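Reader: Please take me through the backbone, the core and the chain contact of this model in a series of short questions.

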Amino acid sequence: MLDEILKSIVEMEEEEAIKKAKEYLDGGGDPQKLLEVCRDAMGEVGARFEKGEYFLSELILGGEIFKQIMEFTLPKIKSGSVKKIGKIVLGTVKEDVHNIGKDIFKVFAEASGFEVIDIGIDTPEEKFVEAVKEHKPDIVGMSCLITAGVTSMKKTVDKLKEAGLRDSIKIIIGGGRVDESVKEFTGADAWADDAAKGVRLCKQLIGVEG
Amino acid sequence: MKSPEELAKERLARIEAAVNLEEPDRVPFSGVGGDVIAAYAGITQEEFCFDYDKAKEAIVKFNRDFPCDWTFAAGFVGVGVPPFTYAFADDPDVSATVGMAMFGTIHDIIDDTCTRYPGREIEKNCSPQFIGGKFMEPEEYDDLIEDPVKFIAETIIPRICRNMNTPRKAMAAMIRLGMEAEKIKNFTIEVGKELAQLGYPAIPITLGYTPLDLIGDGLRDELNLILDLRRYPDKVKKACEALVEPILKAGLALKPLGVKYAFIPLHLNEYLSPELYNEFYWPYLKEVILGFAKEGIKSFVFFEGRHDAHLETILDLPKGWGIAYFEKTDVRKAKEILKGHTCVMGGVPISLIVGGTTEKIDAYVKELLDEVKPGGGYILATSVGIAPRETPVENIRALIEAVEKYGRY
């Protein structure tokens, strides 16, 4: 049964995947095991994306299926019993009001076992600093779509340095206009322009195999 | 010293040679624009988006100091509301005046919920931004298919525009738009005149849209639309088919002004697998491009993101159909596939201009041109035209100089 659920998610069979997941739980299945299978499925979707077999449309649909299954699965799992592999503070940088890239990344990061603290869009530098102080994340993820976001990213990295927090965190930047030169310009540790790569790099940054 | 007329003629010939897949005297260069224009003039983004005089001065100053062959720092200052354009597809005189207007002043009048403007929803020095939204339910595809213009104008516009959601407010807004149209027209004419004095050729452009993008950006929201492709595939395809005609009608409203190009910015191209692209996106985009071609208008398509997976489909179009402007697709590879068929544009990552050094820019352009210059059919541009306000101006100069240095044939 779990194998079939995994296959349905990976093959983008939305209705089938949700129906089988419900049946599995109704039949007394272990929600923890279902969660793990869904995570594996999302890992496979990401892997196919990175191989060029899948596209953004599949990442979005896969994320949607995952979210729908989680809605009725997570309440059945005791809070605290789900092991997290790391913590990410995530936000779209100052002056940029777009959330799509950030939200797609968030689903995949959570599906990979990260705890994600989403601090929103148009996020001032100070808010990143405060969030790092408060949540002590392993990673800070900054997203932007518009080109103005690139300079906001640099300013945010600088503010984190000023606050003496830079050495305690890894920084990954992401978004459509981000590349290797933006990484160098901003002083981040890694960059990604898709969610699958972003999550893989986050795992590498904290030393979990990715 | 060349006269402005001579300069404009030379620049136009350069661009047209590239579009016609020939070798001009030098690689044509399309300059940057965006936030840096206001910053360079010392005005805020808010002033740039809402004050026609200040915007005009800023645009002229920027184009004087950073010359190029084809400027995008010209006729508009903000972001638009796509359904607004197509609500007037059956009224060409209206769509030609306010339908395509991308100005903060229009945003103030209609109070749309899908854009964010500096000094309004966001801080006064931010870029104007388009964020879209969901304005249509899946059950409404049938209404859209039956009469797209009526549905967009009468059902969607009141949902998007807070100042058009009752008949009284809509009437008042339309009168205000009519009054504003005159100012926009004057602004466009004035900018055109001043740019002509600087030796810029007049290249009037109209706007086109891919039907699927219009549904994603303007009606269903892109994420919902991606899910619709699996949930309601037949309805989505019928809606795309129904939107081709209004898209062409609105675009052709500007034909009497002598437009030569239809700018079509793509959005969902990068999102889609080849199967989905070939089923939902390309057939209808192709219809739009061919529809413009029939009227003697070449399409100028911005292929956002990576178009690598769909590059070969461009060869379905007739040779010399227009310009393919690539963002993250490697233009070297694109040129290889499309040479002798399509004019290729792009090549310089905007990040290099924002964060690079003048030496790096010089070296990059030299290497790029070595590869893509031979044979012509190429226009050099940055990956996206919007340069943030902190973009070092010496880097923009370095780009201009490098094209001059390495771009000669």
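Reader: Is Leu21(B) buried, exposed or partly exposed?

Author: In this predicted model, Leu21(B) lies in the loop between helix H1 (4-19) and helix H2 (35-41) of chain B. Leu21(B) has a positive phi of about 65 degrees although it is not a glycine. A residue needs 20 or more other C-beta atoms within 10 Å to be buried and 12 or fewer to be exposed. Leu21(B) has 19 such neighbours, so it counts as partly exposed.

Reader: Is Asp122(A) buried or exposed?

Author: Asp122(A), which is not a glycine, also has a positive phi, of about 45 degrees. Its place is the loop between E2 and helix H6 (125-135) of chain A. Because 22 C-beta neighbours lie inside 10 Å, Asp122(A) counts as buried.

Reader: In which sense do strands E1 and E2 of chain A pair, and what is the hand of the crossover between them?

Author: Strand E1 (residues 86-92) and strand E2 (residues 114-118) of chain A are joined over five bridges in the parallel sense. Within this pair, Ile88(A) stands opposite Val116(A). From E1(A) the chain passes through helix H5 (residues 100-111) of chain A to reach E2(A), and this β-α-β crossover is right-handed.

Reader: Which helix completes the β-α-β unit with E4(B) and E5(B)?

Author: Strand E4 (residues 261-265) of chain B runs parallel to strand E3 (residues 205-207) of chain B, with three bridges, and Leu207(B) stands opposite Phe263(B). E4(B) is also parallel to strand E5 (residues 298-303) of chain B, here with five bridges; Tyr261(B) has Lys298(B) as its bridge partner. The unit made with E4(B) and E5(B) is right-handed, and its helix is H14(B).

Reader: Which helix gives the most residues to the largest nonpolar core?

Author: The largest nonpolar core has 207 residues, and those with the most contacts inside it are Phe108(A), Ala324(B), Tyr325(B) and Ile353(B). At least three of its residues come from each of domain 1 (2-76) and domain 2 (86-205) of chain A. The greatest contribution, 10 residues, comes from helix H14 (residues 274-294) of chain B.

Reader: Which residues does Tyr325(B) touch, leaving aside those up to four places away in sequence?

Author: Tyr325(B) is one of the residues with the most contacts inside the largest nonpolar core. With residues up to four places away in sequence left out, Tyr325(B) touches Met345(B), Gly346(B), Ala381(B), Phe300(B), Val301(B), Phe302(B) and Phe303(B).

Reader: What covers the buried residues of H6(B)?

Author: In helix H6 (residues 92-99) of chain B, the buried residues are Ser95(B), Ala96(B), Thr97(B), Val98(B) and Gly99(B). Their cover includes four helices of chain B: H5 (82-87), H7 (104-110), H10 (167-197) and H13 (233-252).

Reader: Which element gives the most to the side of chain A that touches chain B?

Author: The contact takes 27 residues from chain A and 33 residues from chain B. On the side of chain A, the elements giving two or more residues are helices H4 (56-73), H7 (148-162) and H8 (180-186). With six residues, the element that gives the most is H4(A).

Reader: What are the helix and strand contents of residues 176-406 of chain B?

Author: An unreviewed UniProt entry places the feature "domain: Uroporphyrinogen decarboxylase (URO-D)" at these residues. The end C-alpha atoms of the span lie 50 Å apart, and its contents are 55% helix and 13% strand.

Conventions:
Residues are numbered from 1 along each chain as its sequence is written. Chains are lettered from A and ligands numbered from 1 in the order in which they are written. This is a predicted model: local features need pLDDT of at least 70, side-chain atom pairs count only at pLDDT 80 or more; totals for chains, interfaces and linings use all residues. A nonpolar core is a set of buried Ala, Val, Leu, Ile, Met, Phe, Trp, Tyr and Cys residues joined through C-beta atoms within 7 Å. Domain bounds come from an automatic or database domain assignment. Two residues are in contact if their C-beta atoms, placed from the backbone, lie within 7 Å. Two strands pair if DSSP finds at least two bridges between them. A crossover is right-handed if, with the strands pointing away from the viewer, the path from the first strand over the helix to the second runs clockwise. UniProt positions are given in the numbering used here, feature names are shortened, and annotations may be inferred rather than shown by experiment.
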